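Hi,

Here is the structure I promised to pass on to you. Have a look at it first, then read my notes below.

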Amino acid sequence: MRVLTGITPSGTLHIGNYFGAMRPAIELQAGGDAFYFIADYHSMTVITDAAERRAYSRGIALDWLACGLDPAKAVFWRQSDVPEVCELMWLLGSLTPMGLLERAHSYKDKTAKGISPNFGLFAYPVLMAADILLYDTNVVPVGKDQKQHLEMTRDIAIKFNQTYGDTFVVPEEQIREDVAVVPGLDGQKMSKSYGNTVEIFGDEKALRKKIMGIVMDSRTPAEPKPDADRNLAVQLLRLVASRAVADDFENRLRAGGLGYGDLKKALFEHYWNYFAPYRAKRAELAAHPDHVERVLRDGAERARAVAGKVMDRARQACGLR
Ligand code: ADP
Ligand code: TRP
């Protein structure tokens, strides 16, 4: 069973990315057939600064390796090191109905926000389908927001298979319901585009300030809070503390007597400790950029060996060979 996922280097990773995408992916690498990549082609639709793209790509490589991605278990590479994916995008795009792309939430959301649409933004789901189909992927672990893209990938794979004969594996998404949407500091979905993130790695003082700045209601500490389970700090604490600790804080908040300041302080401490070992690992990796580059190049070679075979099959099927 091949597992594959990608992450776009278009910003600094936050704990929504970690719990929604990275941790489930890292747990799955034990299965022995995991393919994880840095989706730098995808970043082209959102970033137009070369130095920035390079920095985010390197940063994300460090983040994944620091958080436990093991290149001995998983194939880890930079998307653009396997350019066959662009060729496959054309084969798939030529079979993708306009209507399917016009219905994409991500495209509609972005244009509704006033981002001027370009071809890349519109074609994004086709490139994502190519990412997945190029590696005979069975399972794609993603957050809820990517569900539609997986449905589109399946539609495109089925259309190709019906048109040219059985060529691609039809993949399934894997959405972890318990961490499906990590809320941001304002209660909306945590997302770098909403400026409501808690970074996985960042400056201690700045992050403490962010967490202590979570806005709560004006009820006094003594007041019982029957809605304690819906408190944002409690929800975030559940991610970084043990169940017993999170239950204890929730119960104390419900009963009355726990102040929001103390709750937020506990949230910060648990968050900071949760990522402490990864922080140390990341610093060590950052001191050895050649090693990281070697890991990515080796991964690209392994990915390309698979991609080459699937591309041959696809070219044969549609008569390019
Ligand atoms: P952002 O919304 O910050 O731009 P991305 O779209 O780059 O994040 O998401 C990268 C991965 O992280 C995807 O698999 C996505 O589903 C997951 N993800 C992002 N934000 C969250 C969140 N708040 N909760 C759960 N998963 C998330
Ligand atoms: N679109 C995904 C995101 O924004 C990233 C991504 C690109 C991806 N290609 C992929 C995820 C293929 C899974 C499989 O989060």
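A quick definition before we start: a helix here is a DSSP run of H or I that is at least four residues long, and helices are numbered from the N terminus. Keep in mind that this is a predicted model.

With that in hand, let's begin with one residue. E84 sits in helix α3, which covers residues 84–93. Is E84 buried or exposed? The cut-off for buried is under 20% relative accessible area. E84 has 14% relative accessibility, so it counts as buried. And which residues does E84 touch, if we skip those up to four places away in sequence? They are L134, R304 and M311.

Now zoom out to the whole protein chain. It has 13 helices and 5 strands. Along its principal axes, the C-alpha trace spans about 75 × 45 × 35 Å. For 321 residues, you would expect a compact globule to have a radius of gyration near 20 Å, and the protein chain has 21 Å, so the two agree.

How much of the chain is buried? Buried residues account for 50% of the 321. The accessible surface adds up to about 15100 Å², and carbon and sulfur atoms own 53% of that. As for charge, there are 42 positive and 41 negative side chains, with the centres of the two sets 2 Å apart.

Contacts are worth a look too. Take those between residues at least 6 apart in sequence: 78% of them join residues at least 24 apart.

Next, the domains. The domain assignment splits things into domain 1 (3–182 + 288–318) and domain 2 (202–274). Taken over C-alpha atoms, their centres are 35 Å apart. How many residues are in contact across the two domains? On the domain 1 side there are 6, and they meet 5 residues of domain 2.

Last stop: helix α9, residues 232–240. This helix is mostly covered, with 7 of its 9 residues buried. You can find the buried ones at L232, A233, V234, L236, L237, L239 and V240. What covers them? The cover includes α1 (15–28), α10 (243–255) and α11 (260–274).

If you want a way in, try finding E84 in helix α3, then go over to α9 and pick out its buried residues, L237 among them.

Have fun with it!

Terms used. Residues numbered from 1 in each chain as written. Chains lettered and ligands numbered in written order. Predicted model: local features only at pLDDT ≥ 70, side-chain atom pairs only at ≥ 80, totals over all residues. Heavy atoms only, no water. Helix = DSSP H or I, 4+ residues; strand = E, 2+ residues; numbered from the N terminus. Rg over C-alpha atoms; globule rule 2.2 N^0.38 Å. Buried < 20%, exposed > 50% of the residue type's maximum accessible area, 1.4 Å probe, protein only. Contact = heavy atoms within 4.5 Å. Areas by Shrake-Rupley, 256 points an atom, 1.4 Å probe, with all protein chains shown as cover. Lys, Arg positive; Asp, Glu negative; His and termini not counted. Charge placed at Lys NZ, Arg CZ, Asp CG, Glu CD. Domains from an automatic or database assignment.
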